[in-house]
Amino acid sequence: MDRWAEHLTAEERLRLEALLGCALAPTALPDVVPLTARVPVQVREAYEAQLRDMAPEVLEDRDAELRRLAEFCGGPDPYLWVQAPPWAGKTALVAWLALHPPSGVVPVWFFVTARLAGQADSPACTEAFVQQFAVVAGREPTRHAAPAVRDGERRQLLNEAAQRVGHDGGTLLLIVDGLDEDQSSRPGGSGPSIASLLPERLPPHVRVLVTSRLSPGLPADVPGGHPLRHCAVLKLDTVAAARHTEHEAVHDLTAALSGGALGRDLVGLLAAAHGSLTLSDLRELTGHRHLAVKQRLDSAFGRILRERADGHDGFQSRLDLDGAHPRAHPAETGGFLFAHETLFAAALKAFGPDITAYRERVHAWARRYAEVGWPTDTPAYLLQFYGRMVAALGDVDRATALVTDVRRHDRMRERTGGDTAGLAEIEVVHELAMDLPCDDLGPMAALAVARDLLTRRNGSLPPEVPIALAELGHTRRAMEAAHAVFRPEDRAHALAGIAQVLAANGDPQTADVAREALRTVDVAEANRWELMPSTDHAMRTAAAALMTAGQEDEACARLDSPHDADPLSPIRTRVALAVAAHPRAAERATGLLREAVTMARALPPDERVEALAVAAGAYATIDPAQAKRLYAWMLRLANRAETEVGLLTAVAVALRDVRPEQAADFAHSALAELRIEQGWQQDEAEFTGREYEPSYDWIVDSVAALLAADLVDEAQQLVEQEEEKPILWFAEDLGHEQRAIAVCRARQGDAETAWRLLEMSWRRSPVDERHPEGAAAVSTALAAAGCGRQAETLLRTAAARHPWAAAEGFAALARHYVADDPEHAAHLMQAAESVAARSSQEAGGTDQDIRLAVLATTLAVLGRFTDAERLADEIGTPCARAWAHAGVSMEHA
């Protein structure tokens, strides 16, 4: 009703309101399906780009059919089959419906098209449905699952998506366009038909809409009792515009094939490529001048083609995706392909065996780019469609060589921001290699090693990088980068940070990203061992984002997480949710803060002070009078504890920013007690005849008190004295103290000292380089002190030794500058991504090089000695490089 009411005139709406007896504001009416059930922006944009390619700008003469489809979505029938001859406009109709669904209908879709390699079989359909079902269901799909697992996941996710949409009173609409173009069951196909994937018994609230030509009917593997065999059929008549277009296109194809050499070459290359080719691609492949090719495409010949509106399914440079950099050829679209499947099929039939010559021309073109290492100007076709094209031809050796090329993987990662495309290609070729004889395991081994390399090399992407991308407004790239983070705890941190950014911007996708972050937290905690960093902060950040998005009950379900390792964590969570709830849900916010204060009462005095300080910080904006009461409470606690160093220090730290003079007094009192304690320890050491050695606890308490008293020099001197001593066991590591002093130095503008202290902490405990309070905190503090340029210089110098920390620092600087200097922020983000890519190449160190050595030996087994020797030469670790050369030599002998 809301969409219908939006089209009423003011007079008509007034009459309707009089009849209803209430005011009617169409724009204020909620959708039947809330925003949380829609596809998130980073997935929705990718799939809607495909729809926009297929849907007309205006759908003419189809009002009756659209009404019939809307009735089907709300009716009792589970299936509807749209049938029509070629060129009748089937695809245009259902693409329009998917782009403009009736209110309450959540569409997911797959358009079968043989014109694009890898888009016309059941594995591709399964993958498309898994990705879309997952985002509707609100969870992340399994990564890199085997085909059998993927099929089961598709079924499970359909049920989950249906339940979620049905819970909100909506309908989940599955659209499959072009059943007759399914290549799955044909020679060289890959498994069951697409039609057989559609369930016989649909979950509640699900409808299925399929389209095809009038023949050949359903494949044999669709059971006799399947609803498709007896469902309602909507037969379309060819509209006048489509009939005219068909006649012209067939005439133009005939003219192109019987005309000059350039026209024949363009048709042959587009048919052979099995994917879209740009003007530049066609110029290279034909050898004709740019102007000649352009004039031919702009002539009547161009009516047999369709220009893709954007890059190859979003397969552009990561910067190009968000418009940060222009294309090499700004005038180009995403490429050309045949305007209709019938034209593609007619071209293949016309060329017959002669199409092989055009395929060889495409292979030679790809070889030229491979021989020079897949440079930065490698055409997008060769990084996306070519691999699928080779696999579709059944050429296992060529396909294996292509998808195991490490340099090509690097270029694909640079273009897309991750390794998803590379891994998908490997899976396709793996399925092809499964049909090889049992004694020919070389390709399988090479594919397994290549897959392992891609899966593991993402372990060194700092989570700060995806968050900074979100801050810069590049949400799609941010999510791609977050999904590329290998360690679940880091991935949770990245996703939670993105959710926080989206929440601050009021983005409707906030809840979906926050839920994904919380699921990742659960995965990380399920596999967590003692020394791994806690995910408490990521959990709190994601739950707060949910609260901001209005999902209060869902957020509060995380108040008492089973993963809480810190006794203060439940209190911090309540405070974070209270801040997120205020002022929209003021009563809920006040109640959460009261709970936090009540829980603080049960803690030991020093932890109680820390908890009260957290609550007071929130009250400072929500209820300043209550904040004053909590600070007064802390003062009373400290005044009673004249000799308790821990409590005095805790109060000093809590008051440092709000009441600095009182904080200094308590800090000096703590220092006095520490000096007395030190005297006792020295006397005891002298009496027992041993050398005095300050205890770890004494050092930690002293540094905290010195920093609370703003005695940074003394704190630094104490820590640097410990640097001269042997490395301590991890429990006595002073990394936290060194980082705290580094941040203080950064606030003072002392960039070199701050960075030196950070590197000191990394020497004692290398894992500390990835600590969230390290490089990012120091870089942000330096920028706030007006020393951002100095920070940049230090980060560039440190990038070779500490790529993770440098990438994190650059990303933090980008976040700092994004509001005031977005251009400089974008420049810093490029530096962060560049260093992160270098860090990924170095991830795993010797382990990664050993995997490369295994791949080099495997390539030699396959007879690819040139590739094997080149890869062996590029291995950095000497022992792994020697092993690789030895393996290659043994196979060469």
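This report describes the fold, the burial, the aromatic pairs and the salt bridges of a predicted model.

**Overall architecture**

The protein chain has 44 helices and 7 strands. Of its 893 residues, 53% count as buried. Among contacts in the protein chain with a separation of 6 or more, 71% join residues that are 24 or more positions apart. The chain exposes about 39,200 Å², and carbon and sulfur atoms supply 53% of that area.

Helix α23, which spans residues 475–484, is largely enclosed by the rest of the structure, because 7 of its 10 residues are buried. The buried residues are T475, R477, A478, M479, A481, A482 and A484.

**Aromatic pairs**

The structure holds 7 aromatic pairs. One of them joins F338 and F344, whose ring centres lie 6.1 Å apart with an angle of 50 degrees between the planes, so the pair is tilted. F338 is buried, with a relative accessible area of 2%. F344 is buried as well, with a value of 5%.

W365 and Y369 form an edge-to-face pair, at 6.3 Å centre to centre and 85 degrees between the planes. W365 and Y369 both belong to helix α15 (residues 355–371), where a spacing of 4 residues separates them by about one helical turn. An α-helix has 3.6 residues a turn, so residues three or four places apart point the same way. Both W365 and Y369 are buried. These two residues also belong to one aromatic cluster, together with Y381, F385 and Y386.

A charged side chain is also placed against an aromatic ring: R408 lies over the face of W374, at 5.7 Å from the ring centre.

**Salt bridges**

The structure holds 22 salt bridges. Three of them are set out below, with the distance between the closest N and O atoms.

| Acidic residue | Basic residue | Closest N and O atoms |
|---|---|---|
| E471 | R815 | 3.1 Å |
| D512 | R515 | 3.7 Å |
| D553 | R588 | 3.0 Å |

The salt bridge between E471 and R815 has its closest N and O atoms 3.1 Å apart. E471 lies in helix α22 (residues 464–471) and R815 in helix α40 (residues 803–817), so the pair ties together parts that are 344 residues apart in sequence. E471 counts as partly exposed, at 30% relative accessibility. R815 also counts as partly exposed, at 24%.

The D553 and R588 salt bridge has its closest N and O atoms 3.0 Å apart. This pair links distant parts of the chain, with D553 in helix α27 (residues 552–556) and R588 in helix α29 (residues 586–600), 35 residues apart. D553 is exposed, with a relative accessible area of 60%, whereas R588 is partly exposed, with a relative accessible area of 29%.

The D512 and R515 salt bridge lies within one helix: both residues are in α25 (residues 510–526), 3 residues apart, about one turn of the helix. D512 and R515 are both buried. They also take part in a network of salt bridges that links them with R164 and E554.

Notes. Residues numbered from 1 in each chain as written. Predicted model: local features only at pLDDT ≥ 70, side-chain atom pairs only at ≥ 80, totals over all residues. Heavy atoms only, no water. Buried < 20%, exposed > 50% of the residue type's maximum accessible area, 1.4 Å probe, protein only. Helix = DSSP H or I, 4+ residues; strand = E, 2+ residues; numbered from the N terminus. Phe/Tyr/Trp six-rings, centres within 6.5 Å; stacked < 30°, edge-to-face > 60°. Lys NZ or Arg CZ within 6 Å of the ring centre and 35° of its normal. Contact = heavy atoms within 4.5 Å. Areas by Shrake-Rupley, 256 points an atom, 1.4 Å probe, with all protein chains shown as cover. Salt bridge = Lys/Arg side-chain N within 4 Å of Asp/Glu carboxyl O.
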